[in-house]
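Welcome! Here is a short, friendly tour for anyone meeting this structure for the first time. Keep the view open as you read.

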Amino acid sequence: MTQNSFDVAVIGAGAAGLNAALILGQARRSVIVFDNGSPRNAAADHMNGFLSRDGMNPAELLTIGRGEVRKFGGEFHDGTVVSVTRDDDGFLVELADGSKIPVRKVLVATGLTDRLPAELEVFGERWGRDVLHCPYCHGYSVRDQSLGVIAKSAEFAMHQALMVRQWSDDVVLFLHRIAELSAEDREKLAARDVSIVEGEVAGPTVEDDRLVGVRLVDGTVVARSAVFVGGALTMDPNDAILRTFGAQRAETMMGDFVTVDMMGATSEPGVFAAGNVVDPGAQVIMAAAAGAKAGAGINMMLTNDDLEVALALRS
């Protein structure tokens with residue numbers, strides 16, 4: 001079954017997708033937003049660093065955002081998109097129930113999935129509470145506490161350990177499975193009073209539903225009240241739709257991600273992307289800003305298309 005057409009399909013209803021839909025709705029474009037209800041920051045109870053929204057629960061932000069998008073005519077479909085294909089001058093968005101919705105342009109804002117290595121998956125039980133990934137997102141909330149850092153390479157370890165040191169003078173770097181840390185790196189850590197714990201990490205120690213330590217394979221427990229594991233994560237972009245189109249990609253420090261221009265356009269005409277699906281380091285406010293730029297970019301492309309049609313009708 002084919003449903004009514006829209007100017008734009010926004011796939012993903014996080015900060016990026018909602019802000020794009022808001023911009024497009026205010027530009028008087030017809031927009032449908034698809035939301036499968038699985039935001040990356042679902043485990044977090046508040047946001048940091050978002051001007052005027054600091055400390056707000058991210059779920060509340062999304063609820064408010066959906067209401068604002070609806071106010072400007074945006075529609076929502078709480079389901080999963082299974083494919084997007086080109087159709088004439090636009091696209092067909094196919095849903096899990098078999099229905100197909102024609103649209104003129106597509107914005108993919110499906111975020112990413114954080115994945116801990118198998119041996120550290122046990123830390124996932126504390127994810128977003130006292131097992132954390134981003135110092136800017138969580139650092140102030142755990143300031144002056146005993147903090148730990150676990151990473152998968154010396155490069156990530158140095159980056160995050162020295163960063164986390166800004167929020168506490170009690171920081172421990174767990175070498176875990178890092179084979180070698182250079183004398184120069186050790187000197188840098190010592191200069192900032194970051195302690196180094198040798199040995200492989202086994203899991204968290206929890207009492208009264210709070211982290212109290214990190215347990216090593218040899219049984220040693222190092223007292224910690226929060227641990228940053230961003231340097232140990234694999235960040236998998238939820239970009240199957242973009243891969244299907246063959247959008248240009250680039251290898252980054254955080255993995256292989258689709259590239260976009262300053263307005264969120266991919267290498268595939270009419271296909272845009274914003275937020276964590278193309279920028280793993282984007283906090284909520286950055287994702288929202290990227291969505292706003294993508295919305296403006298899509299509207300400009302639609303404006304140019306409308307002009308071509310109008311000129312053709314006059315000839």
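In this predicted model, the side chains of Arg66 and Asp78 come together in a salt bridge, with N and O 3.0 Å apart. Arg66 belongs to helix α2 (residues 58-71), while Asp78 sits in the loop between β3 (75-77) and β4 (81-87), so their pairing ties together parts that are 12 residues apart in sequence. This pair is part of a wider set, as the whole structure holds 20 salt bridges.

**Salt bridges, pair by pair**

- The two partners of the opening pair differ in their surroundings: Arg66 is buried, with 14% relative accessibility, whereas Asp78 is exposed at 57%.
- Arg224 and Asp170 make another salt bridge, and their closest N and O atoms are 3.1 Å apart.
- Arg224 is in the loop between β14 (221-223) and β15 (226-228), and Asp170 is in the loop between α4 (154-164) and β10 (171-174), so this bridge ties together parts that are 54 residues apart in sequence.
- Arg224 is buried, with a relative accessible area of 7%, while Asp170 is partly exposed at 31%.
- Asp239 pairs with Arg243 in a salt bridge whose closest N and O atoms are 2.4 Å apart.
- Here the acidic partner, Asp239, is buried, with 1% relative accessibility, and Arg243 is partly exposed at 48%.
- Salt bridges can also join up: Asp7, Arg29, Arg104 and Asp306 are linked in a network of them.

**Nonpolar cores**

- Which residues touch the most other members of the largest nonpolar core? They are Val10, Val33, Leu107 and Ile298, in a core of 25 residues.
- Several elements give two or more residues to this core, namely β1 (6-11), α1 (15-26), β2 (31-34), α2 and α7 (284-314).
- Helix α1 gives the most to this core, with 7 residues.
- Helix α2, which also carries Arg66 of the opening salt bridge, is among the contributors to the core.
- Val10 is a good place to zoom in: leaving aside residues up to four places away in sequence, Val10 touches Gly17, Ala21, Val31, Ile32, Val33, Phe34 and Leu107.
- Two of those contacts, Val33 and Leu107, are also listed with Val10 as the core members that touch the most others.
- There is a second, separate core of 23 residues, and Val84, Val108, Leu242 and Val271 are among its members.

**Paired strands and hairpins**

- How do β4 and strand β5 (residues 90-95) run, parallel or antiparallel? They run antiparallel and are joined by 6 bridges.
- Within this pairing, Ser83 has Glu94 in β5 as its bridge partner.
- The β4 and β5 strands form a hairpin with 2 residues between them, and Asp88 in the turn has a positive phi of about 55°.
- Strands β17 (residues 249-252) and β18 (residues 255-258) are also antiparallel, with 4 bridges joining them.
- In that second pairing, Glu251 stands opposite Asp256 in β18.
- A hairpin takes the chain from β17 to β18 through 2 residues.

**Where to look again**

- For the salt bridges, return to Arg66 and Asp78, which tie α2 to the loop between β3 and β4.
- For the cores, start at Val10 and follow its contacts, including Phe34 and Ala21.
- For the hairpins, find Asp88 in the turn between β4 and β5.

Conventions
Residues are numbered from 1 along each chain as its sequence is written. This is a predicted model: local features need pLDDT of at least 70, side-chain atom pairs count only at pLDDT 80 or more; totals for chains, interfaces and linings use all residues. Side-chain values use heavy atoms; hydrogens and water are left out. A salt bridge is a side-chain nitrogen of Lys or Arg within 4 Å of a carboxyl oxygen of Asp or Glu. Buried means under 20% relative accessible area, exposed over 50%, partly exposed in between (1.4 Å probe, protein chains only). A nonpolar core is a set of buried Ala, Val, Leu, Ile, Met, Phe, Trp, Tyr and Cys residues joined through side-chain atoms within 4.5 Å. Contact means heavy atoms within 4.5 Å. Two strands pair if DSSP finds at least two bridges between them.
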